[in-house]
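Student: I should like to study this structure step by step. May I put my questions to you in order?

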Amino acid sequence: MNQWLQQSIEYANQRSYLDDLFRVYPTIPDGIREVDQALWREVEQSFELQDNEALVRAMLKMKLFHSITTTYRDAHIMSALVLRNFLYSL
């Protein structure tokens, strides 16, 4: 395995990973976002079923990710979630 990938995986598994990430990339600059409860249930169900494709599709329906292709400030959130789910799938 590539040295940098190994170090990234080890770091992502640390308890402080998301806290460190949020310190570098502060989130919620415009206040707390409300999440549609039906959509959140879809996200939780996909996660519990370990259906990563459905999980990503459900998350992309969220307002947070609507402009993900044009807004780079939120791209780290999607990257962190995808990486986390990938690591849990190993």
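Student: How much area does the protein chain expose, and what share of it do carbon and sulfur atoms supply?

Tutor: Please note that this is a predicted model, and its values are computed. Carbon and sulfur atoms supply 55% of the exposed area. The total that the protein chain exposes is about 7,100 Å².

Student: How many helices and strands does the protein chain have?

Tutor: Along the sequence, the pattern reads α-α-α-α-α. The protein chain accordingly has zero strands and five helices.

Student: On which side or sides of H2 do its buried residues lie?

Tutor: Helix H2 covers residues 17–24, and Tyr17, Asp20 and Leu21 are buried in it. These residues cover an arc of only 100° around the axis, so they lie on the same side of H2.

Student: Is the aromatic pair of Tyr11 and Tyr17 stacked or edge-to-face?

Tutor: A search of the whole structure finds one aromatic pair. The ring centres of Tyr11 and Tyr17 are 5.5 Å apart, and their planes stand at 85°. Planes over 60 degrees apart meet the cut-off, so this pair is edge-to-face.

Student: Is Tyr17 buried or exposed?

Tutor: The cut-off for a buried residue is under 20% relative accessible area. Tyr11, at 35%, counts as partly exposed. Tyr17 has a value of 15%, and therefore Tyr17 is buried.

Student: Which backbone oxygen does the side chain of Ser46 reach?

Tutor: Ser46 is found in helix H3, residues 37–48, and is buried with a relative accessible area of 7%. Leaving aside residues up to four places away in sequence, Ser46 touches Asp51, Ala54 and Leu55. At 2.9 Å, its side chain reaches the backbone oxygen of Glu42.

Student: With which residue does Lys61 form a salt bridge?

Tutor: Lys61 lies in the loop between helix H4 and helix H5, whereas its partner lies in helix H3, so the pair ties together parts that are 19 residues apart in sequence. Lys61 is partly exposed at 47%, and the partner counts as partly exposed at 28%. The closest N and O atoms are 3.0 Å apart, and the partner is Glu42.

Student: In which helix do Arg57 and Glu53 both lie?

Tutor: The structure holds two salt bridges, and one of them joins Arg57 and Glu53, with the closest N and O atoms 3.1 Å apart. Arg57 is exposed at 53%, and Glu53 counts as exposed at 53%. The two residues are four residues apart, about one turn of the helix, and both lie in helix H4.

Notes:
Residues numbered from 1 in each chain as written. Predicted model: local features only at pLDDT ≥ 70, side-chain atom pairs only at ≥ 80, totals over all residues. Heavy atoms only, no water. Buried < 20%, exposed > 50% of the residue type's maximum accessible area, 1.4 Å probe, protein only. Polar contact = N/O pair within 3.5 Å; in protein donor to acceptor, adjacent residues only side chain to side chain. Contact = heavy atoms within 4.5 Å. Phe/Tyr/Trp six-rings, centres within 6.5 Å; stacked < 30°, edge-to-face > 60°. Areas by Shrake-Rupley, 256 points an atom, 1.4 Å probe, with all protein chains shown as cover. Arc of directions from axis to C-beta. Salt bridge = Lys/Arg side-chain N within 4 Å of Asp/Glu carboxyl O.
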